[in-house]
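Visitor: I'd like a close look at one part of this protein, please: the place where the ligand sits. Could you take me through that part and then outward to its surroundings?

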Amino acid sequence: MPKCLVIGGGIAGLSAAVHLSRQNIEVTLLEASPKLGGRAYSYWDNSLNIEIDNGQHIMMSCYHDTIEFLKIIGARENIYVQDYLSICYKDKSGKEYFLNADKMFYPFNLIIALLRFDAIPILNRISILSLLVKIKFGKKPKAEQTVKEWLLANKQSESSIKYFWEIIAIGTLNTNIDDAQALLFFNVLNEIFNKGNANTKIIIPKIGLSRMYSDDAKKFIELNGGNILFPERVLEIKTCGDNVCEVITTQKSYTDFDFIISSIPYFAVEKLNANLVFPEELMMNYSPIITIHIVLRENNFSKKFYGLFDSKLHWVFNNGTHLSVVSSAADELNSLTPDELAEYTFSELEKFFIIFQQDLIVDYKVIREKRATFKPGFKTERQRTMIRSNYNNFDVAGDWANTGLPATIEGAVRSGKSAAERLMKKINGNSLVD
Ligand SMILES: Cc1cc2nc3c(=O)[nH]c(=O)nc-3n(C[C@H](O)[C@H](O)[C@H](O)COP(=O)(O)OP(=O)(O)OC[C@H]3O[C@@H](n4cnc5c(N)ncnc54)[C@H](O)[C@@H]3O)c2cc1C
């Protein structure tokens with residue numbers, strides 16, 4: 001039985017290990033930290049006395065590889081999927097604006113939803129539709145255009161950018177529209193809006209992220225004969241000719257393997273051996289996400305989530321036991337202390353929601369993920385298309401790999417699955433078999 005070491009137990013590593021362990025490959029997964037899940041995990045917070053995620057994660061129904069992964073590990077029932085795309089946005093006067101598709105046939109339900117989206121003047125809604133049509137017909141942006149440049153070139157008004165495009169761009173790319181590559185954004189929009197109703201719905205986990213992804217994945221891998229070892233950090237990777245021949249960890253040295261899939265972030269791979277991946281010097285800058293979890297004495301929020309207009313806070317998720325308030329591409333807020341952040345958050349929430357008053361707050365927790373995702377600028381995106389391993393028995397996965405997607409759960413799952421597929425092709429010429 002061929003043996004594969006998987007380095008890293010985030011979503012990409014778990015995906016590679018799950019797919020390989022279904023194919024009669026003996027998998028050993030090595031994870032440096034005392035938990036699985038990488039940048040998507042949950043834990044029981046003793047001070048709040050509830051389970052919280054490191055950051056609210058949402059998925060879309062176009063996350064096909066993720067949904068397949070959840071089905072394989074038996075965790076499909078852990079997600080809530082909207083019947084139709086439905087988003088409630090709010091402004092600072094508390095007014096609500098709805099982007100609601102309904103039972104009508106696709107794409108008419110989306111067209112009607114947009115035409116009714118009265119946060120934006122009607123003529124601007126029509127130009128949003130006309131840009132979506134251009135996307136449908138494959139009119140791609142130039143590789144060196146930023147999202148902002150592309151939107152302006154396509155005659156999108158300030159209000160369409162602010163109240164429609166920018167919200168989607170920051171949410172999916174976690175990067176300011178002045179920096180993010182338009183072509184990647186185009187791919188995201190194409191996936192979400194142009195492939196039928198089945199792709200447009202928002203998906204929210206019903207349980208904590210670790211229970212949702214890691215626990216069942218671990219069970220699945222172990223039931224299929226794999227080993228998961230943590231905490232065990234890989235310190236060095238040695239090469240002999242065209243192959244990797246030794247992996248040195250905090251616990252031992254491994255030489256008895258046929259293949260290695262590394263699923264750790266680019267900055268971590270570089271430290272193990274600078275020559276493993278081409279191109280050697282990727283331009284990867286990172287963007288923070290800040291989440292403020294708030295426990296209330298009384299939770300009167302009726303919707304599962306809300307989008308916020310004109311704020312450095314972007315989304316409020318109502319998780320029953322607590323609210324999770326998210327700021328993406330949060331470079332500016334990142335310089336604030338936790339107390340300053342909380343003060344800013346509470347005073348913003350009071351403007352948006354009449355049902356939010358500071359005397360209802362029991363406790364809160366600020367979680368900053370400073371390197372939440374890489375920034376997909378056009379230099380980074382050009383280099384990503386060239387990423388490959390320099391060694392025969394070594395491959396790379398991770399949300400930063402060449403997936404054509406931004407740094408997301410879907411990108412991570414897909415990268416792990418693709419690495420497993422390439423490995424299976426090397427072994428027997430076939431890809432994965434069900
Ligand atoms: C706050 C936040 C909110 C997010 N929101 C969303 C969202 O709403 N929707 C969405 O789709 N995506 C979201 N993302 C992005 C998503 O979480 C990531 O893209 C995805 O989890 C990355 O998975 P990965 O396996 O590629 O990398 P990682 O999660 O970084 O996993 C890499 C693993 O490798 C381990 N490791 C590192 N070095 C070594 C070593 N030397 N030896 C062994 N192990 C090592 C690490 O400990 C880690 O567990 C969010 C991310 C954050 C942080």
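Guide: Happy to; here is the ligand site, followed by the elements around it.

A word on the model before we start. It is a predicted model, in which local features need pLDDT of at least 70, side-chain atom pairs count only at pLDDT 80 or more, and totals for chains, interfaces and linings use all residues. Residues are numbered from 1 along each chain as its sequence is written.

Around the ligand there are 38 residues, and Gly-8, Gly-10, Gly-38, Gly-55 and Thr-408 come nearest. Here a residue is near a molecule or strand if its C-beta atom, placed from the backbone, lies within 6 Å of it. By type, the shell divides into 17 nonpolar, 15 polar and six charged residues. Ala, Val, Leu, Ile, Met, Phe, Trp, Tyr, Cys and Pro count as nonpolar, Asp, Glu, Lys and Arg as charged, and the others, Gly among them, as polar.

Four elements each supply at least two residues of this shell: helix 1 (11–21), strand 16 (286–296), strand 20 (361–374) and helix 12 (409–428). Helix 12 gives the most, with four residues. Helices (H or I, at least four residues) and strands (E, at least two) are DSSP runs, numbered from the N terminus.

Now for the domains, whose bounds come from an automatic or database domain assignment. The protein chain is given domain 1 (3–44 + 207–284 + 376–428), domain 2 (83–200) and domain 3 (286–374). Because domain 1 and domain 3 both give residues to the shell, the ligand lies between them. As for domain 2, its C-alpha centre lies 33 Å from that of domain 1. Eight residues of domain 1 are in contact with 13 residues of domain 2, contact being C-beta atoms, placed from the backbone, within 7 Å. On the domain 1 side, those residues divide into four nonpolar, two polar and two charged.

Strand 16 and strand 20 lead us on to helix 10, since the buried residues of this helix pack against both, as well as against strand 7 (86–90), strand 17 (305–308) and strand 19 (323–327). Those buried residues are Leu-341, Thr-345, Glu-348, Leu-349 and Phe-352. They cover an arc of only 100° around the axis, so they sit on the same side of helix 10; the arc is that of the directions from the helix axis to the C-beta atoms. On the face turned away from the buried side are the exposed residues Asp-339, Glu-340 and Ser-347. A residue is buried if 20 or more other C-beta atoms lie within 10 Å of its own, exposed if 12 or fewer, and partly exposed in between, with C-beta atoms placed from the backbone. The length of helix 10 (residues 338–352) fits too: at 1.5 Å a residue its 15 residues should span 21 Å, and its end C-alpha atoms are 21 Å apart, which agrees. That expected span is 1.5 Å times one less than the number of residues.

Back in strand 20, we find Arg-371. With 15 other C-beta atoms within 10 Å, Arg-371 is partly exposed. Arg-371 and Ile-161 are 210 residues apart in sequence, and their C-alpha atoms are 26 Å apart in space.

Key
Contact = placed C-beta atoms within 7 Å.
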